Amino acid sequence: QVQLVESGGGLVQAGGSLRLSCAASGRTFSNYAMGWFRQAPGAEREFVAAISRSAGNTYYADSVKGRFTITRDNPKNTVYLQMNSLKPEDTAVYYCAADRLRTAPMKPDYWGQGTQVTVSS
């Protein structure tokens, strides 16, 4: 089992920035590709970004490319999502995810509980 705990969400004005963190425990963190998904009210959960086990490869949804950056710190068992130039349409619950087998397309084996990000116009 892998436990994932997100933090860093909140309320921010359009154009602002937030950094999400996801702390992992339970299994060897570096054995998992990590990713972020989000779910807006009334919408399906969608992929945002993913990073490979060694951080050598990253993937982004077109909607966030150039604005969001995913990184990981394996010794700290943590993955981050730096979100810049935020837009109201980025408002969603953001979920951290772990995949034992693949980076993209990610099909997570484990999910965090989510953190709310709200971007005001």
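**Figure 1. The hairpin of strand 7 and strand 8 in the predicted model.** Strand 7 and strand 8 form a hairpin in which 4 residues lie between the two strands. Within the turn, asparagine 77 adopts a positive phi of about 55°. The two strands pair in the antiparallel sense, with 6 bridges between them. One of the paired positions is isoleucine 70, whose bridge partner in strand 8 is leucine 81. Strand 8 is mostly covered, since 5 of its 6 residues are buried.

**Figure 2. The pairing of strand 3 with strand 8.** Strand 3 and strand 8 run antiparallel and are joined by 6 bridges. Arginine 19 has glutamine 82 of strand 8 as its bridge partner, and serine 21 stands opposite tyrosine 80 in strand 8. Strands of a sheet pair through backbone hydrogen bonds, in either a parallel or an antiparallel arrangement.

**Figure 3. The open sheet of 4 strands.** The strands follow the order 1-3-8-7, and their pairing is antiparallel. Strand 1 (3-7) and strand 7 are the edge strands, each of which pairs on one side only. From one strand to the next, the twist averages 15°.

**Figure 4. The largest nonpolar core.** This core comprises 30 residues. The residues with the most contacts inside the core are Leu4, Met34, Trp36, Val79, Leu81, Met83 and Tyr94. Two or more residues each are contributed by strand 3 (18-25), strand 4 (33-39), strand 5 (46-51), strand 7 (68-73), strand 8 (78-83), strand 9 (92-99) and strand 11 (115-120). A second, separate core has 5 residues, including Ala33, Phe37, Ala50 and Ala97.

**Figure 5. The contacts of methionine 83.** Which residues are in contact with methionine 83, leaving aside its neighbours within four places in sequence? They are Gly16, Ser17, Leu18, Leu20, Arg67, Phe68, Tyr94 and Val117. Of these partners, Tyr94 is also listed among the residues with the most contacts inside the largest nonpolar core, as is Met83 itself.

**Figure 6. The surroundings of arginine 102.** Arginine 102 is placed in the loop between strand 9 and strand 10 (110-111). Arginine 102 counts as partly exposed because its relative accessibility is 29%, a value between the 20% limit for buried residues and the 50% limit for exposed residues. Not counting residues up to four places away in sequence, arginine 102 touches Ala33, Arg53 and Lys107. Ala33 is also a member of the second nonpolar core. The C-alpha atoms of arginine 102 and methionine 34 are separated by 9.2 Å, although the two residues are 68 residues apart along the chain.

**Figure 7. The whole chain, as context for the close-up views.** The protein has 11 strands and 0 helices, so that its elements run β-β-β-β-β-β-β-β-β-β-β from the N terminus on. Along the principal axes, the C-alpha trace spans about 40 × 25 × 25 Å. The radius of gyration is 13 Å, which agrees with the value near 14 Å that a compact globule of 121 residues would have. Buried residues make up 42% of the 121 residues. Among contacts with a separation of 6 or more, 56% are between residues 24 or more positions apart. The protein exposes about 6100 Å², of which carbon and sulfur atoms supply 46%.

Conventions. Residues numbered from 1 in each chain as written. Predicted model: local features only at pLDDT ≥ 70, side-chain atom pairs only at ≥ 80, totals over all residues. Heavy atoms only, no water. Core = buried A, V, L, I, M, F, W, Y, C linked by side-chain atoms within 4.5 Å. Buried < 20%, exposed > 50% of the residue type's maximum accessible area, 1.4 Å probe, protein only. Contact = heavy atoms within 4.5 Å. Pairing = 2+ DSSP bridges. Axes fitted to C-alpha atoms, helices over the stretch in contact; angles between N-to-C directions. Rg over C-alpha atoms; globule rule 2.2 N^0.38 Å. Areas by Shrake-Rupley, 256 points an atom, 1.4 Å probe, with all protein chains shown as cover.
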